[in-house]
Amino acid sequence: LDCLSEMARLAEEQIGQARRAFADRDLDAASRLRDHDLAINAHNRSCFALAVEEGVDEARREAAFFGVLMARAIERIGDNAVDIGHQLNFAVTGRLRAASPSSR
């Protein structure tokens with residue numbers, strides 16, 4: 001749960017950053033969204049690793065599986081915030097910036 005809580009906190013910060021960057025048309029803030037997303041991705045991998053370690057008890061494995069699903073959903077929030085940054089870059093500059101393979 002600590003892993004999920006930290007991911008949710010980071011995602012909430014990132015959504016706020018994306019909102020402010022878009023409202024202010026701030027390309028520097030938009031570019032920092034990707035860096036923030038890397039922290040969320042690292043926590044997602046950490047949550048998955050914790051779930052794998054949960055042993056043989058069926059109830060614990062089921063709870064761990066649901067934790068992994070929640071972590072993945074939070075990770076997608078981060079990806080969507082990065083996409084907002086890409087759209088902002090296009091709106092301001094008129095240039096498309098290709099998504100990096102690691103962001104998908």
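**Stop 1: Leu 4**

Select Leu 4 and show everything in contact with Leu 4. Leaving out residues up to four places away in sequence, Leu 4 touches Cys 47, Gly 67, Met 70, Ala 71 and Ile 74. The model on screen is a predicted one. Leu 4 sits in helix H1. Is Leu 4 buried or exposed? Its relative accessible area is 13%, under the 20% limit, so Leu 4 counts as buried. Now add Arg 19 to the selection and draw a distance between the two C-alpha atoms. Leu 4 and Arg 19 are separated by 15 residues in sequence and by 22 Å in space.

**Stop 2: the disulfide**

Keep Cys 47 from the first selection and add Cys 3. These two cysteines form a disulfide, with 2.0 Å between their sulfur atoms. A disulfide is a covalent bond joining the sulfur atoms of two cysteines. How many disulfides does the model hold? The count is one. Turn the view to look along the S-S bond of Cys 3 and Cys 47: the torsion is about -115°, so the disulfide is left-handed. Cys 3 belongs to helix H1 (residues 2-24) and Cys 47 to helix H2 (residues 27-52), so the bond ties together parts that lie 44 residues apart in sequence. Both Cys 3 and Cys 47 are buried.

**Stop 3: helix H1**

Select residues 2-24, which make up H1. With 23 residues at 1.5 Å each, H1 should span 33 Å, and its end C-alpha atoms are 33 Å apart, which agrees. Next, colour the buried positions of H1. They are Cys 3, Leu 4, Met 7, Leu 10, Ala 11, Gln 14, Gly 16, Gln 17, Ala 18 and Ala 21. What covers them? The cover includes H2 and helix H3, residues 58-93.

**Stop 4: Arg 25**

Step just past the end of H1 to Arg 25. This residue lies in the loop between H1 and H2. Its phi is near 55°, a positive value in a residue other than glycine. Arg 25 has a relative accessibility of 44%, so it counts as partly exposed.

**Stop 5: helix H2**

Select residues 27-52 for H2. The 26 residues of H2 should span 38 Å at 1.5 Å a residue; the end C-alpha atoms of H2 are 39 Å apart, which agrees. Colour the buried residues of H2 as before. The set is Ala 29, Ala 30, Leu 33, Arg 34, His 36, Asp 37, Ile 40, Asn 41, Asn 44, Cys 47 and Ala 51. These buried residues pack against H1 and H3.

**Stop 6: Asn 41**

Within helix H2, pick out Asn 41. Its relative accessible area is 8%, so Asn 41 is buried. Which residues is Asn 41 in contact with, leaving aside its neighbours within four places in sequence? They are Arg 34, Glu 75 and Asp 79.

**Stop 7: the largest pocket**

Rolling a probe the size of a water molecule over the atoms shows where empty space is left. Switch on a surface and select the lining of the largest pocket: Leu 1, Cys 3, Leu 4, Cys 47, Leu 50, Ala 51, Glu 54, Ala 63, Ala 64, Gly 67, Val 68 and Met 70. The space in this pocket comes to about 250 Å³. Leu 4 from the first stop is among the lining residues, as are Cys 3 and Cys 47 of the disulfide. H1, H2 and H3 each supply at least two lining residues. Which helix gives the most? H3 does, with five residues. Colour the lining by residue type: 10 residues are nonpolar, one is polar and one is charged.

**Stop 8: the whole chain**

Clear the selection and zoom out to a cartoon view. The protein has three helices and zero strands, and its pattern along the sequence is α-α-α. Along the principal axes, the C-alpha atoms fill a box of roughly 55 × 25 × 15 Å. Of the 104 residues, 34% are buried. Finally, display the contacts with a sequence separation of 6 or more. Residues 24 or more positions apart account for 71% of these contacts.

Technical notes. Residues are numbered from 1 along each chain as its sequence is written. This is a predicted model: local features need pLDDT of at least 70, side-chain atom pairs count only at pLDDT 80 or more; totals for chains, interfaces and linings use all residues. Side-chain values use heavy atoms; hydrogens and water are left out. A disulfide is a pair of cysteine sulfur atoms within 2.5 Å. Helices (H or I, at least four residues) and strands (E, at least two) are DSSP runs, numbered from the N terminus. Buried means under 20% relative accessible area, exposed over 50%, partly exposed in between (1.4 Å probe, protein chains only). The expected span of a helix is 1.5 Å times one less than its number of residues. Contact means heavy atoms within 4.5 Å. On a 1 Å grid over the protein atoms alone, a cavity is a set of points where a 1.4 Å probe fits but cannot get out, and a pocket is an open set with protein on both sides within 12 Å along at least five of seven lines; lining residues have an atom within 4 Å of a point. Grid points are joined across faces, edges and corners, and a volume is the space filled by probe spheres set on the points. Ala, Val, Leu, Ile, Met, Phe, Trp, Tyr, Cys and Pro count as nonpolar, Asp, Glu, Lys and Arg as charged, and the others, Gly among them, as polar.
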